[in-house]
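Visitor: Could you take me through one part of this model in detail? I would like a close look at how two of its helices pack, and at what lies around them.

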Amino acid sequence: MRYRAGVSQARQRARSPQDKELRKTALLAAARELAAERGVREVTLTAVTARVGLHPSALRRYFESREELLLELAEQGWADWRDRLLSDLDDATELTPEALASVVSGSLEQLPLFCDLLTHVVLSLEGAVRLERARRYKLAATEAYDAMVEALAGADTGLDRDGARTFLAGAMSCAAYQFQLSRPSDTLRELYAQEPRWAHDALRFREQLTTLLTAVARGARRTA
């Protein structure tokens, strides 16, 4: 659903801290919607500000660049993944490699924007912002990552901390790649319609991710 709250007031300058926070929230919500519709690579400052009724120059009061705005969404994505995965692990027992892979791939499937952003963070986002903003992102991502390592090592997974780190590295890498495959361009969709065998791997995000993470979990358990 397109973000509409406060649009009638969007052209007014936000003056109080509360108004500024609401404006920032509106911009992030608009970016989320655009990314869901078109993919992260198609999110532009012009499109984001137009969606909330602002002039593009107004965004600079809240984010210095498109990259900073998207990095904020990636930071939120880490917190969302941590909370979701820890909740899923709390409810699970006797996690075989197959079961663990299913839990983690399921947690990532529910966060498509985060999966998309995982690619862009490495390629462009964190290297295009000021040092202190990059530091803040790294701190937040590391805190979430460390919490997931501890949860995986403490659950009935057969992983120690080193094994959990290996498993999470596999989860992030595979999710980023498989997500991009699962969102083909119009040209590729047409090609896959003509050659369905080429789409077999590309369009099965969770199934492919679960298969790959099962293999990683087995290897990480043996290492442990």
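Guide: Happy to. A helix axis here is a line fitted to the C-alpha atoms over the stretch in contact, and the angle between two axes runs from 0 to 180 degrees between their N-to-C directions. Two packed helices are described by that angle together with the distance between the axes. Please keep in mind that this is a predicted model.

Let us begin with the pair itself. Helix α1 packs against helix α3, which covers residues 66-90, at an angle of about 85°, and the two axes are 10 Å apart. Angles of 65 to 115 degrees count as roughly perpendicular, and α1 and α3 are therefore roughly perpendicular to each other. On the α1 side, the contact is made by Lys24, Leu27, Leu28, Ala31 and Arg32. Facing them from α3 are Leu69, Glu72, Leu73, Gln76 and Asp80. Sorted by class, the residues of this contact are five nonpolar, one polar and four charged.

Now for the setting of that pair. The chain has ten helices and zero strands, and its C-alpha trace spans about 60 × 45 × 30 Å along the principal axes. UniProt, in an unreviewed entry, lists residues 21-81 as "domain: HTH tetR-type". That span is 69% helix and 0% strand, with its end C-alpha atoms 23 Å apart. The unreviewed entry also carries the annotation "DNA-binding region" for residues 44-63. Over residues 44-63 the helix share is 40% and the strand share 0%, while the end C-alpha atoms are 13 Å apart.

Helix α1 has a second role to look at, in the lining of a pocket. The largest pocket has a volume of about 440 Å³. Its lining has 19 residues, and those closest to the pocket centre are Arg38, Gly39, Asp116, Phe179 and Arg183. Two or more lining residues come from each of α1 (17-38), α5 (112-125), α7 (161-181) and α8 (186-194). Among these, α1 gives the most, with four residues. By class, the lining divides into ten nonpolar, three polar and six charged residues.

Putting the two views of α1 together: this helix crosses α3 at about 85°, and α1 also gives four residues to the lining of the largest pocket. If you have the structure open, Leu27 and Leu28 of α1 are good places to begin with the helix contact, and Arg38 is one of the residues closest to the pocket centre.

Methods
Residues are numbered from 1 along each chain as its sequence is written. This is a predicted model: local features need pLDDT of at least 70, side-chain atom pairs count only at pLDDT 80 or more; totals for chains, interfaces and linings use all residues. Side-chain values use heavy atoms; hydrogens and water are left out. UniProt positions are given in the numbering used here, feature names are shortened, and annotations may be inferred rather than shown by experiment. On a 1 Å grid over the protein atoms alone, a cavity is a set of points where a 1.4 Å probe fits but cannot get out, and a pocket is an open set with protein on both sides within 12 Å along at least five of seven lines; lining residues have an atom within 4 Å of a point. Grid points are joined across faces, edges and corners, and a volume is the space filled by probe spheres set on the points. Ala, Val, Leu, Ile, Met, Phe, Trp, Tyr, Cys and Pro count as nonpolar, Asp, Glu, Lys and Arg as charged, and the others, Gly among them, as polar. Angles under 35 degrees count as roughly parallel, over 145 as roughly antiparallel, 65 to 115 as roughly perpendicular and the rest as oblique. Contact means heavy atoms within 4.5 Å.
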